[in-house]
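Please open the model in your viewer and keep the selection panel at hand, since this tour goes from one selection to the next.

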Amino acid sequence: MDLDSFLQEFRSAPVFTSAGQRAPHKALALLYAMSQLQRGHTHRLTRYVDAEVKLKYLLDQFGPPRRTPPRTTSLEIARKNNRKHQAVSGRCSMTTACAKTAAEIRPLAIYVSSRRSELSEIAADLFQRDRVALIQAAETIADSIVPETLRDELLSAIEFDVSPIPNVNPLSPFLTCKITREIFAMRAVRDPAFSQSVLQAYGWQCAICGASPKVDTRHFGLEAAHIRWIQYSGPNSVDNGLCLCRMHHVALDRGAITVNAEGEIDVSPRLDGSEESQQLFGRFRGTTIRRPAEIQQHPAADACAWHRNEVFVAG
C-alpha cells in the first residue's frame, strides 16, 4: 500500500452523513489513531477504552450539535465493506457486544473493539515508514470533514504535529506527481470565483458587523464564508455565501452564530458571557445582516436551515 491507494480507499467509502446529519465519526477516529501512531503509540497498543473520552470530546467539538442514532451503524457498514476495503479494514472481528459509542465511531480504516482502537497493519506500516505520507493523509482527511477555518484547530485537538520534517522535501516528485490528484479530489473543491463574487455582492463589508478595512484602496480581513459547507454538498454560489470578517467567519463555522433566510442573526446561548464576547457577537442577536442588493443573492433558505441544524450550537 502507498499513500495514493490509502487515500483512494478512504475516499471510496466515506460516511460523513447519516440520516441526513453530519457524521464525521469514522474520520475523527481515524485521525486520532494516526496521531497516536505519530506519537509513538503502536497500533497494537492503543486500546479503545483509552481513546473513548478523547473521541467523545472530538465528536462534541467537531461533530453536529444534535446527535441522533444513525439508521445504519458503522459496524454494519464496516462488515458490508470488509472484503472490498480489506487493506484499510484489516479485519472485522467486531461484535454487537461492543458499546454503542464504539459502534458509532468505528471507521473503515480503523479497527475498534472494546479492547483497542488501531489502524490496519498495512496502513500502520505505510505511515511508520513514511512520516511525510502520514502528515499528508491527516491533513487531507481533516480537509474533507471541516472547513479551513477549523482545520488547524482539529489537528491541534488530536495533538497531530504538522511541522516540517527535517531533511525531507515535502514537494518530492512522489508527493507532487503520485498523490496530488487524490489529495485535490479528497479536499472540498472551492471555486476561485466564489470569494470574489460574494465579496462584491456584499460590497466588501462584513455582513454582520459592517467592517470594511482597507489600506489605500485594497481591502483586507474579509472572507467569503460558505453557509452550507462544501464538504457537505454546499454549492459555490453567492446565495450560499456571506461576506464576513475573519472573526465572524470562524464564529459561523464554529456554530456560535447563524443566519436565517430573512437575514436575522441568532447567537448561541452557549456563548460565554464575557463583555468582549458580547461586544463581538452577542450584541448582534436579533439584528439583520447587510444583504446584497439582488434578492436572488440573499442567503438561501435551505442553506440556512442546514447550518442551523448541523452547525449552530443551539443549546
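**The pocket and its lining**

Begin by selecting α12, which supplies five residues, the largest share of the lining of the largest pocket. Bear in mind throughout that this is a predicted model. Next, add α3 (48-62) to the selection, because along with α12 (246-254) it is an element that supplies at least two residues of that lining. To find the middle of the pocket, pick out Gln 61, Arg 254, Gly 255, Ala 256 and Val 313, which among its 25 lining residues lie nearest the centre. The space you are looking into amounts to about 480 Å³, and if you colour the lining by residue class you should find 13 nonpolar, four polar and eight charged residues.

**Helix α14**

Now select residues 301-310, helix α14, and show the side chains of Ala 303, Cys 304, Trp 306, His 307 and Glu 310, which are its buried residues. Turn the view until you look down the axis of α14: these buried residues fall within an arc of 160 degrees, so they line one face of the helix. What do the buried residues of α14 pack against? Their partners are β2 (21-22), β9 (257-259) and α12, the helix that also gives the pocket lining its largest share.

**Strands β7 and β8**

Finally, move to strand β7, residues 222-226, where four of the five residues are buried, so the strand is largely enclosed by the rest of the structure. Add strand β8, residues 241-245, which runs antiparallel to β7 and is joined to it by five bridges. Within this pair, centre the view on Ala 224, which stands opposite Cys 243 in β8.

Definitions and conventions
Residues numbered from 1 in each chain as written. Predicted model: local features only at pLDDT ≥ 70, side-chain atom pairs only at ≥ 80, totals over all residues. Heavy atoms only, no water. 1 Å grid on protein atoms, 1.4 Å probe; cavity = no way out; pocket = protein on both sides within 12 Å on 5 of 7 lines; lining within 4 Å. Points joined across faces, edges and corners; volume = space filled by probe spheres on them. Nonpolar A, V, L, I, M, F, W, Y, C, P; charged D, E, K, R; others polar. Buried < 20%, exposed > 50% of the residue type's maximum accessible area, 1.4 Å probe, protein only. Arc of directions from axis to C-beta. Contact = heavy atoms within 4.5 Å. Pairing = 2+ DSSP bridges.
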